[in-house]
Amino acid sequence: MSRGEGPRVPEDDWQRAVLNDVATPASEPTPPPAAPAPVPPPPEVADVPPPAPEPPAPAPTLPPEAAALLTGKPKKGDSAGRRIKRALGGVFSSAARETAEVTGVARQLQQPITTGRQIVVTSVHGGAGKSTVTALLGSAYAHYRPDPVLVMEANPTLGTLPVRLAAPSLRWTMGDVARVVAPSMRFDQVIGYLVGLPEGGWLLPGSKGQIGAQVSLAEYQTVAVALRRYFAITVVDCETLPGELARSALAGAQARVLVAPATVEGVAAARTVLEWMGSVPRPMLPGTVVALNSTSPHTAIDLEAAMRYLRVGDTPVVHVPYDRHLAAGGAVRLSLLGQETRDATARLGAELLDRAVRR
């Protein structure tokens, strides 16, 4: 047996071999790996909108050279002779009846609204007075109501709505707002992208007067859905039919206006559109009002017969009379409108709001 070696265990002495193994000190067991340190939860981040992008440079509503063409004071809607005649007629008319009618219309315009209502204005062709009717409605709602009113321009052409509403300048367009609007925005942040109007309310223009700047259907849908909860009433100056954006906007609105010029061809085209609106899978006539717009002091049609012809499915028809103030162009001021035009605007707005609230 060599030095340093233990006693040799015979191969058949298995019991001793086991005892030797037990007596041999075992190595220390490897401790289990330490549990990883708990990962702290991420810090709570307030639901705040991303910082606003750099605002675009403002653009004038009208080029300075064009604005300089305006001369003199804006005309009043009624001539002096007509105002005197109306004042004399008021002496012999029933003041109680007129007061009751005005009070009833004002009550309709001021009725409570629980969720934002959208009213879309369209026409059968250009030049019917669509933007003028939009401006009249937006100004009337802002005048009669204490809650916020928005006017949007969803017209792919060079519309006149910013001029009609006396917008001081234009900065953000509907396309710009569609890229930055977020559900977490506050009201004061939203109106930072809009144009405050002298007659009350706010404007979101479709463009800043550039050729080729168009409002896409996706942009309109994004903005219309996002801004609806901030404003009691939104009046949309939409493109003329049968454009895709116009059809989509009409279908999604709670009420709609079809502006028809008081001409033979205008009335005939409007009748065709009304029949189409009554035949679509989701009929639009129950929420539609026709605005028969006179742009000339002399008309060649029978207005009463034209209004009866346009009452498809009991659709209301409101005649917007010729008004010198509107015919002169430029900014629309409610205080300068003729009395008949003010009354017609109020009736039109009341009819539309009644239908919008019921839907």
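A residue is counted as buried when its relative accessible area is under 20%. In this predicted model, buried residues make up 42% of the 359 residues in the protein. The chain folds into 14 helices and 10 strands. Among contacts with a separation of 6 or more, 80% join residues 24 or more positions apart.

The strands come first. Strands of a sheet pair through backbone hydrogen bonds, in either a parallel or an antiparallel sense. Here 8 strands form an open sheet with mixed pairing. Their order is 5-6-3-7-2-8-9-10. Strand 5 (195-196) and strand 10 (317-320) are the edge strands, and each pairs on one side only.

Within the sheet, strand 2 (residues 117-123) pairs with strand 7 (residues 233-238). The two run in the parallel sense and share 5 bridges. V120 has V236 of strand 7 as its bridge partner. Helix 9 (residues 217-227) lies across both of these strands, and also across strand 3 (149-154) and strand 6 (202-204). Relative to strand 3, helix 9 runs at about 175°.

At one edge, strand 10 pairs with strand 9 (residues 288-293). This pairing is also in the parallel sense, over 4 bridges. L292 stands opposite H319 of strand 10. The side chains of strand 10 alternate: V317 and H319 point one way, V318 and V320 the other. All four of these residues are buried.

A further buried position is found in helix 14 (residues 339-358), which holds A350. Why does A350 count as buried? Its relative accessibility is 2%, and the cut-off for a buried residue is under 20%. Leaving aside residues up to four places away in sequence, A350 touches V105, Q108 and L109. Q111 is 239 residues from A350 along the chain, yet the C-alpha atoms of the two are separated by 9.3 Å.

The empty space was examined next. Rolling a probe the size of a water molecule over the atoms shows where such space is left. The second largest pocket holds about 440 Å³. Its lining consists of 20 residues. Those nearest the centre of the pocket are L70, P74, G329, G330 and A331. By class, the lining of this pocket has 11 nonpolar residues, 6 polar and 3 charged.

Methods:
Residues numbered from 1 in each chain as written. Predicted model: local features only at pLDDT ≥ 70, side-chain atom pairs only at ≥ 80, totals over all residues. Heavy atoms only, no water. 1 Å grid on protein atoms, 1.4 Å probe; cavity = no way out; pocket = protein on both sides within 12 Å on 5 of 7 lines; lining within 4 Å. Points joined across faces, edges and corners; volume = space filled by probe spheres on them. Nonpolar A, V, L, I, M, F, W, Y, C, P; charged D, E, K, R; others polar. Pairing = 2+ DSSP bridges. Contact = heavy atoms within 4.5 Å. Axes fitted to C-alpha atoms, helices over the stretch in contact; angles between N-to-C directions. Buried < 20%, exposed > 50% of the residue type's maximum accessible area, 1.4 Å probe, protein only.
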